[in-house]
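Dear colleague,

Please find below the structure I wished to pass to you. A short account of what was found in it follows.

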Amino acid sequence: SGKLRHLGLSQAPRRSTLAYANEHRSWQLYEKLFYHLLDICKGQFGNKHKFHFKNKLLSFDASTIKLCLSAFNWAKFRRTKGAIKLHLILDHAGYLPEFVNVTPGNVHEVNILKQQVFDPGTIVIFDRGLIEYAMMGRWTKNDIFFVTRLKANAVYDVIHSRNVTPDSNLLKDQIIQLKGFYSKQNCPYDLRIVEIWLNDKQQSMMILTNNLELPAETIAAIYKDRWQIELFFKAIKQNLKIKTFVGTSFNAVMIQIWTALIAILILKYLKAKSKLCWSLSNLICLLRLNLLTYQDLWQWIDNPYNQESPPVAGTQVCFNL
């Protein structure tokens, strides 16, 4: 309350005031601001990921945000449930969101993925629930690579088996062709299966890709790095306000989502610029406590725990004794 009075506010803004403002402002402004900040962040992180190859590496996934259908009657998901879906492409160079799209909850992720246009040489990671052989065949024809998990009911012929490193978690490295009628018709190209053993789960995992050149260990590491997009969704939902909303209109919800995405970009930028090895959750927690505190941000971000008080400029009083 003392900090609010210092800003000239007698009390915090009411929820209804924020809801009204969010309903009448245009959410496209926040979308444009997000992509403007994204260009700044890309300049900080560059275009290099942690792997040795030079191909651009992207992950695609979506996360569902549940809403009350009686309050958000425009967000129809099922007959008695409401939801929106946040579709996202994550660039593994800095783990920044390359593309964001918000749709009603009943829009399947593969419909958004099929609309995307990628440059030749790009590697796209996605879950096996998004497998569509016509899309995969089109990507292979245009030299766009994918890495995903093999469906359990996939039918294929083994063309060639490659040698794998003994005493490693690699079990198989095979060149295959799809055998099903529609799958073979839609994707008639040579594909590759890399089977690895997961020690923590005590089971194997079959990875499907159309990249025939990269080492099998690299293919396995690429799919493992898909977990970063899950961590991105987790960070947004746990640390930023996109599960509870101030307003109930479509415009208000979109503003709050884009504001959260803007905040995550700023946080990642601060984390990258800091000399201290922050975890994202600790950075968010301490910034929340210091939002209305007058401090030099760049000094605080490097040394938040041992801030020296600035010297007080004053006149020494001399007593005439």
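**Aromatic pairs, nonpolar core and helix packing**

Phe53 has 12% relative accessibility and therefore counts as buried (under 20% relative accessible area, with exposed over 50% and partly exposed in between; 1.4 Å probe, protein chains only). Phe51, at 13%, is buried as well.

This is a predicted model, in which local features need pLDDT of at least 70 and side-chain atom pairs count only at pLDDT 80 or more, while totals for chains, interfaces and linings use all residues. Residues are numbered from 1 along each chain as its sequence is written, and side-chain values use heavy atoms, leaving out hydrogens and water.

The whole structure holds 13 aromatic pairs (rings of Phe, Tyr and Trp, the last by its six-membered ring, with centres within 6.5 Å; planes under 30 degrees apart are stacked, over 60 edge-to-face, the rest tilted). Phe51 and Phe53 form a stacked pair, because their ring centres are 5.4 Å apart and their planes lie at 15°. Ring pairs also join Trp27, Phe72, Trp74, Phe245 and Phe250 into a cluster.

The largest nonpolar core (buried Ala, Val, Leu, Ile, Met, Phe, Trp, Tyr and Cys residues joined through side-chain atoms within 4.5 Å) has 45 residues, and Ile84, Ile257, Trp258, Leu261 and Leu283 have the most contacts inside it. Its largest share, 12 residues, comes from α9 (helices are DSSP runs of H or I, at least four residues, and strands runs of E, at least two, numbered from the N terminus).

Yours sincerely
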